[in-house]
Amino acid sequence: MPVLNIVLVEPQIPENTGNIARTCAVTGARLHLVRPLGFEVTDKHLKRAGLDYWHLLDITYYDNLDDFFAKNSGPFFYFTSKGRHRHTDVSYPDGSYLVFGREDAGLPERLLFENPDHCVRMPMRKGVRCLNLSNSVAIGVYEALRQWDFADLESQGQLTKYEWK
């Protein structure tokens, strides 16, 4: 299976991170958390949002953004409402890092300015600030997985009390 990496830079809301952790667990994406975090990893809201999937996570913590970049080589795709390219117009190769910023501030503008060709956005109505972080991550993850034809993921579900014909 191709490797997909989800990077949260200084996430502030435990429920968002819990939802994202659950998305990573069910898709096999690796989760990277860049400190400082706006919550403790033991937060009950974080755990509740992630349900019982924590044992399925491949999760790495970093002291700050410099620490993250020192230990990872990309390719990086910066998801931002300021991006110049649609998230669906980019090809995500194996090993891609989808990088998302703080709920209240996004990614550092200098980082975006220095990487204009790797800044992507989801189309939104003019004048609307942004989508919820966990929704944005889910959209980005499933676009990359769609491009990879959902490698190693189940495509059909089963009923519990009936059988499909």
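This passage looks at the largest pocket of a predicted model and at three residues, H87, G101 and M122.

Rolling a probe the size of a water molecule over the atoms shows where empty space is left. In this structure, the largest pocket holds about 440 Å³ of space. Its lining is made up of 24 residues, and those closest to the centre are S81, R102, G106, C130 and L131. Two elements, β7 (119–121) and α5 (133–147), each give two or more residues to this lining. By character, the lining residues divide into 11 nonpolar, seven polar and six charged.

A helpful landmark comes from UniProt, where an unreviewed entry carries the annotation "binding site" for G101 and M122. These residues span 22 positions in sequence, yet their C-alpha atoms are no more than 14.3 Å apart, so they gather at one spot. Both G101 and M122 belong to the lining of the largest pocket.

Turning to each in place, G101 sits in the loop between β6 and α4 (109–113). With a relative accessibility of 8%, which is under 20%, G101 counts as buried. Beyond its sequence neighbours within four places, G101 is in contact with V9, G106, L107 and L133.

M122, for its part, lies in the loop between β7 and α5. M122 is likewise buried, at a relative accessible area of 8%. Leaving out residues up to four places away in sequence, M122 touches F79, H87, L131, S136, I139 and G140.

One of those partners, H87, is found in the loop between β5 (85–86) and β6 (96–100). H87 is buried at 8% relative accessibility. Apart from neighbours within four places in sequence, the contacts of H87 are F79, Y92, V120, R121, M122, P123, I139 and E143.

Definitions and conventions:
Residues are numbered from 1 along each chain as its sequence is written. This is a predicted model: local features need pLDDT of at least 70, side-chain atom pairs count only at pLDDT 80 or more; totals for chains, interfaces and linings use all residues. Side-chain values use heavy atoms; hydrogens and water are left out. On a 1 Å grid over the protein atoms alone, a cavity is a set of points where a 1.4 Å probe fits but cannot get out, and a pocket is an open set with protein on both sides within 12 Å along at least five of seven lines; lining residues have an atom within 4 Å of a point. Grid points are joined across faces, edges and corners, and a volume is the space filled by probe spheres set on the points. Helices (H or I, at least four residues) and strands (E, at least two) are DSSP runs, numbered from the N terminus. Ala, Val, Leu, Ile, Met, Phe, Trp, Tyr, Cys and Pro count as nonpolar, Asp, Glu, Lys and Arg as charged, and the others, Gly among them, as polar. Buried means under 20% relative accessible area, exposed over 50%, partly exposed in between (1.4 Å probe, protein chains only). Contact means heavy atoms within 4.5 Å. UniProt positions are given in the numbering used here, feature names are shortened, and annotations may be inferred rather than shown by experiment.
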